[in-house]
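Thanks, everyone. I have one structure to go through, and I will start with the charged side chains before turning to the fold.

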Amino acid sequence: NRVIRYEGDALLWQGANRIRARQITIDKNKNRMDAVGNVVTQVPDTAQPGGKASARTSVVRAPEMTYTGSDKVAHYRGGVTLER
C-alpha cells in the first residue's frame, strides 16, 4: 500500500485540485506522484484575503508531470501549456 498505480483514464482529486492522466503512480515512500500521458491538472488560484476561494483556476496540460510532496513542486515536461 506504499506504491499505488492507476491506469486508463485516471482521475484523482484532493479538495478542489484535480489531475487526470493515462497513468498516475503515487509513491508514499518517496513522497512523490508521477503522471504520464495527456496530463491535465486543475488548481484553484490562491485563496483571497478572508479565506474565500478565488473563482480563477489554472489548468496545465503536458505529456508528463512529477510532483514531490517534500518540495511541494510540480515539474511538467514535454510541451506544456498553462491556461488561466
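Asp45, Arg56 and Arg84 are joined in a network of salt bridges. This is a predicted model, and every value I quote is computed from it. Within that network, the side chains of Asp45 and Arg56 meet at 3.1 Å, N to O. Asp45 lies in the loop between strand S3 (32-44) and strand S4 (57-68), and Arg56 lies in the loop between S3 and S4 as well, so the pair ties together parts that are eleven residues apart in sequence.

Is Asp45 buried or exposed? With a relative accessible area of 13%, Asp45 is buried, because the cut-off for buried is under 20%. Its partner Arg56 has a relative accessible area of 47% and is partly exposed.

The structure holds six salt bridges, and I will mention two others by name. One is between Glu64 and Arg77, at 3.2 Å from N to O. This pair links distant parts of the chain, with Glu64 in strand S4 and Arg77 in strand S5 (residues 73-77), 13 residues apart. Glu64 is partly exposed at 33% relative accessible area, and Arg77 is partly exposed at 29%.

The other joins Asp34 to Arg32, with the closest N and O atoms 2.9 Å apart. Asp34 has 21% relative accessibility and counts as partly exposed. Arg32, at 34% relative accessibility, also counts as partly exposed.

On overall charge, the protein has 14 positive and 8 negative side chains. The centres of the two sets lie 5 Å apart.

Now the fold. What does the protein have in the way of helices and strands? There are zero helices and six strands, so the order from the N terminus on is β-β-β-β-β-β. Strand S1 (residues 3-14) pairs with strand S2 (residues 17-27) in the antiparallel sense, over ten bridges. Among the paired residues, Tyr6 has Ile24 in S2 as its bridge partner. The hairpin of S1 and S2 has two residues between the strands, and Gly15 takes a positive phi near 60° there. As background, side chains in a regular strand alternate between the two faces of the sheet.

Some global numbers to finish. The C-alpha trace spans about 40 × 25 × 20 Å along its principal axes. Of the 84 residues, 26% count as buried. The accessible surface comes to about 6000 Å², with 49% of it belonging to carbon and sulfur atoms. Of the contacts with a separation of 6 or more, 28% are between residues 24 or more positions apart.

Methods:
Residues numbered from 1 in each chain as written. Predicted model: local features only at pLDDT ≥ 70, side-chain atom pairs only at ≥ 80, totals over all residues. Heavy atoms only, no water. Pairing = 2+ DSSP bridges. Helix = DSSP H or I, 4+ residues; strand = E, 2+ residues; numbered from the N terminus. Buried < 20%, exposed > 50% of the residue type's maximum accessible area, 1.4 Å probe, protein only. Contact = heavy atoms within 4.5 Å. Areas by Shrake-Rupley, 256 points an atom, 1.4 Å probe, with all protein chains shown as cover. Lys, Arg positive; Asp, Glu negative; His and termini not counted. Charge placed at Lys NZ, Arg CZ, Asp CG, Glu CD. Salt bridge = Lys/Arg side-chain N within 4 Å of Asp/Glu carboxyl O.
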